[in-house]
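What follows is a walk through one structure, taken element by element. Please keep the sequence and the 3D view at hand while reading.

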Amino acid sequence: MEASALTSSAVTSVAKVVRVASGSAVVLPLARIATVVIGGVVAMAAVPMVLSAMGFTAAGITSSSIAAKMMSAAAIANGGGVASGSLVATLQSLGATGLSGLTKFILGSTGSAIAAGIARFY
């Protein structure tokens with residue numbers, strides 16, 4: 001008799017815990033989840049497009065572009081050449097080779113975080 005009373009009490013306690021846990025679960029609406037995912041995807045897709053629009057392409061820096069103006073200013077400031085590791089060199093490297101997996105992860109995470117922050121207000 002005591003064993004069944006103990007088992008019954010344990011089952012009742014577990015049922016109460018499950019009820020409390022399920023009542024306090026955070027359920028995000030589908031629209032908010034979609035906003036966060038889309039924010040990450042847009043951030044990853046936007047960077048290569050912006051680099052290309054600025055003139056940092058796989059074929060090199062496009063003439064008469066923002067990239068060409070940046071390269072000219074960097075060369076003048078450096079005495080005729082663009083220093084390796086400079087902003088222009090880094091952007092051209094990204095434009096020529098694309099983004100690494102880690103860079104995509106960081107951009108996606110940042111875009112998702114920004115979208116989540118914005119979605120909190122709506």
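A residue is called buried when its relative accessible area is under 20% and exposed when that area is over 50%, with partly exposed residues in between. These words will be used throughout for a model that, it should be said at the outset, is predicted.

The chain contains five helices and two strands, and, read from the N terminus on, its elements follow the order α-α-β-β-α-α-α. Of the 122 residues in the chain, 18% are buried. If one takes the contacts in the chain between residues at least 6 apart in sequence, 58% of them join residues that are at least 24 apart.

A good place to begin is helix H5, which covers residues 101–119. With 19 residues at 1.5 Å a residue, H5 should span 27 Å, and the distance of 26 Å between its end C-alpha atoms agrees with this. The buried residues of H5 are Gly108, Gly111, Ser112, Ala115 and Ala119, and because they cover an arc of only 100 degrees around the axis, they lie on the same side of H5. In an α-helix there are 3.6 residues a turn, so residues three or four places apart point the same way. On the face of H5 turned away from its buried side, the reader will find the exposed residues Leu102 and Ile114.

What covers the buried residues of H5? The cover includes H2, and the packing of these two helices can be described in some detail. The axes of H2 and H5 are 7 Å apart and the helices pack at an angle of about 140 degrees, an angle that is neither over 145 degrees, as roughly antiparallel would require, nor within the 65 to 115 degrees of roughly perpendicular, and therefore H2 and H5 count as oblique to each other. The crossing in which H2 passes H5 is right-handed. From H2, the contact is made by Arg32, Thr35, Val36, Gly39, Gly40, Ala43, Met44 and Val47, while from H5 it is made by Lys104, Leu107, Gly108, Gly111, Ser112, Ala115, Ala116 and Ala119.

The next helix to consider is H3, whose 12 residues, 66–77, should span 16 Å at 1.5 Å a residue; its end C-alpha atoms are 17 Å apart, which agrees. In H3, the residues Ala67, Ala74 and Ala75 are buried, and since they cover an arc of only 100 degrees around the axis, they are placed on the same side of H3. The face turned away from this buried side carries Lys69, Ile76 and Ala77, which are exposed. The buried residues of H3 pack against helix H2 (30–54), strand E1 (56–57), strand E2 (60–61) and helix H4 (87–97).

Both ends of H3 have a neighbour with a positive phi that deserves a look. In the loop between E2 and H3 lies Ser64, which has a positive phi of about 60 degrees although it is not a glycine. Most residues other than glycine have a negative phi. With a relative accessibility of 70%, Ser64 counts as exposed. After H3 comes Gly79, whose phi is also positive, near 80 degrees.

From H3 the path leads on to H4. The axes of H3 and H4 come within 9 Å and cross at roughly 145 degrees, and H3 passes H4 in a left-handed crossing. This contact is made by Met70, Met71 and Ala74 of H3 together with Leu87, Val88 and Leu91 of H4.

Two residues of H4 complete the picture. Leu91, which lies in helix H4, is buried because its relative accessible area is 17%. Leaving out residues up to four places away in sequence, Leu91 touches Leu51, Phe56 and Met70. In sequence, Leu91 and Thr57 are 34 residues apart, whereas in space they are 9.4 Å apart, C-alpha to C-alpha. Gln92 is likewise in helix H4, and at 16% relative accessibility Gln92 counts as buried. Which residues, then, is Gln92 in contact with, leaving aside its neighbours within four places in sequence? They are Phe56, Thr57, Gly60 and Ile61.

Notes:
Residues numbered from 1 in each chain as written. Predicted model: local features only at pLDDT ≥ 70, side-chain atom pairs only at ≥ 80, totals over all residues. Heavy atoms only, no water. Helix = DSSP H or I, 4+ residues; strand = E, 2+ residues; numbered from the N terminus. Expected span 1.5 Å × (residues − 1). Buried < 20%, exposed > 50% of the residue type's maximum accessible area, 1.4 Å probe, protein only. Arc of directions from axis to C-beta. Contact = heavy atoms within 4.5 Å. Axes fitted to C-alpha atoms, helices over the stretch in contact; angles between N-to-C directions. Parallel < 35°, antiparallel > 145°, perpendicular 65-115°, else oblique. Left-handed = near helix turned anticlockwise from the far one by under 90°.
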